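Here's a quick briefing to read alongside the structure. Keep the viewer open and hop between the residues as they come up.

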Amino acid sequence: MGPLKETHFSLGDYVDFHKVAVNVESISIKLNQLNYLIGQDDMASAVRRLWEENANVFSVLDVLIAVRAKDQKKTLGSDGEIRLVSDYFKTPEQVTEFLNETGLTEVFQAKQIRNLVDYVFGVEVGLDSNARKNRGGHIMEDLVASIFAKNGITFDREVYYTEFPEIVRVLGADNKRFDFVIQTPGKIYLIEANFYTGGGSKLNEVARAYSELAPKINAVPGFEFVWITDGVGWKSARNKLEEAFAHIPSVYNLSNIQEFISVVKND
């Protein structure tokens, strides 16, 4: 428990700037056309003129308030009706209403935004930071993969248990996928890797699930279940982790993963 790490994020994991740049580039032409609205005193007239030129440019307005069209966000209109944010982009009058109600009209007229491409780049950085939680699991997997690679361990990633008929007979119809599989002349290691910065019921569920899974796999000759987990979140679920040790002989964290690597190399 002592060496459990507070985080597994490196500076490069906080924002995926390549993804941000791709997202901005995909709508940059429309954003440049919307720049026409910046500094306009009569916003309704400006919107109408731009609409007549190219009504499609307004389809990207949602990102200006950090909303993605695919999320189908709903809002309460001034008329008391519930509607999708994207419903405001169907007529020039609705676009003007959107700009007025969100406060963008005032922002544009005061020139608080100078260039919408640059502005949206910042918005995308913020939206991407919200995706950190979803990236967390992949970051742990990538970290473990890099450790394996640096130590010359050959492995496969995201392997379904159906690749192994012996395991299918034990697990039945469960469509389980393992983060890593390492095959040595003596054994096949089925590996799960995760990291928890905070506590909660999820940790208890994971510990219970793996405690049930490991004995089934380990009972099959030539197979072993390995759990690589870390994070200070386990300090609040210490008892569950301790119970898991009774059922899972091979539990490692990022500090002692070298012990597992030694086992693999000597197998």
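What follows starts with the whole chain, moves to one helix pair, and then visits single residues by topic.

This is a predicted model, so treat everything below as computed from it. The chain has 267 residues, and its radius of gyration is 26 Å, where a compact globule of that length would come in near 18 Å. Its secondary structure adds up to ten helices and seven strands.

**Whole chain**

- Along the principal axes, the C-alpha trace spans about 75 × 40 × 35 Å.
- Buried residues account for 43% of the 267 in the chain.
- Take the contacts between residues at least 6 apart in sequence: 65% of them join residues at least 24 apart.

**Helix 2 against helix 3**

- Helix 2 runs over residues 43–54, and helix 3 covers residues 92–102.
- The two axes come within 9 Å and cross at roughly 135°.
- That angle is not over 145, the cut-off for roughly antiparallel, so helix 2 and helix 3 count as oblique to each other.
- The crossing of helix 2 and helix 3 is right-handed.
- On the helix 2 side, the contact is made by Met43, Ala44, Val47, Arg48 and Trp51; helix 3 brings Pro92, Glu93, Val95, Thr96 and Leu99.
- By type, the residues of this contact split into seven nonpolar, one polar and two charged.

**Buried spots**

- Alanine 46 sits in helix 2 and is buried, because its relative accessible area is 0%, under the 20% cut-off.
- Beyond residues up to four places away in sequence, alanine 46 touches Tyr36, Leu37 and Gln40.
- Alanine 46 and alanine 110 are 64 residues apart in sequence, with 15 Å between their C-alpha atoms.
- Arginine 83 belongs to strand 2, residues 82–84.
- Is arginine 83 buried or exposed? At 15% relative accessibility, arginine 83 counts as buried.
- Setting aside neighbours within four places in sequence, arginine 83 is in contact with Lys73, Lys74, Thr75, Tyr88 and Glu97.

**Positive phi outside glycine**

- As background, most residues other than glycine have a negative phi.
- Alanine 66 has a positive phi of about 60° although it is not a glycine.
- Alanine 66 is placed in the loop between helix 2 and strand 1 (74–76), and its relative accessible area of 40% makes it partly exposed.
- Glutamate 158 is another non-glycine with a positive phi, about 50° in its case.
- Glutamate 158 lies in strand 3, residues 156–160, and counts as partly exposed at 36% relative accessibility.

**The loop between helix 2 and strand 1**

- Isoleucine 65 is also found in the loop between helix 2 and strand 1.
- With 33% relative accessibility, isoleucine 65 is partly exposed.
- Which residues does isoleucine 65 touch, not counting those up to four places away in sequence? They are Val85, Phe98, Thr102 and Leu104.
- Isoleucine 65 and asparagine 266 are 201 residues apart along the chain, and their C-alpha atoms are separated by 56 Å.

**Glycine 186 and its contacts**

- Glycine 186 is in the loop between strand 4 (177–183) and strand 5 (188–195).
- The relative accessibility of glycine 186 is 45%, so it counts as partly exposed.
- Outside the residues up to four places away in sequence, glycine 186 touches Gly222 and Asp267.
- Glycine 186 and glycine 222 are 36 residues apart in sequence, and their C-alpha atoms are 6.8 Å apart in space.

**Lysine 30 in helix 1**

- Lysine 30 has its place in helix 1, residues 17–34.
- A relative accessible area of 24% puts lysine 30 in the partly exposed class.
- Apart from neighbours within four places in sequence, lysine 30 is in contact with Asn56, Val57, Ser59 and Val60.
- How far apart are the C-alpha atoms of lysine 30 and leucine 116, which are 86 residues apart along the chain? They are separated by 9.5 Å.

Notes: Residues numbered from 1 in each chain as written. Predicted model: local features only at pLDDT ≥ 70, side-chain atom pairs only at ≥ 80, totals over all residues. Heavy atoms only, no water. Helix = DSSP H or I, 4+ residues; strand = E, 2+ residues; numbered from the N terminus. Buried < 20%, exposed > 50% of the residue type's maximum accessible area, 1.4 Å probe, protein only. Contact = heavy atoms within 4.5 Å. Axes fitted to C-alpha atoms, helices over the stretch in contact; angles between N-to-C directions. Parallel < 35°, antiparallel > 145°, perpendicular 65-115°, else oblique. Left-handed = near helix turned anticlockwise from the far one by under 90°. Nonpolar A, V, L, I, M, F, W, Y, C, P; charged D, E, K, R; others polar. Rg over C-alpha atoms; globule rule 2.2 N^0.38 Å.
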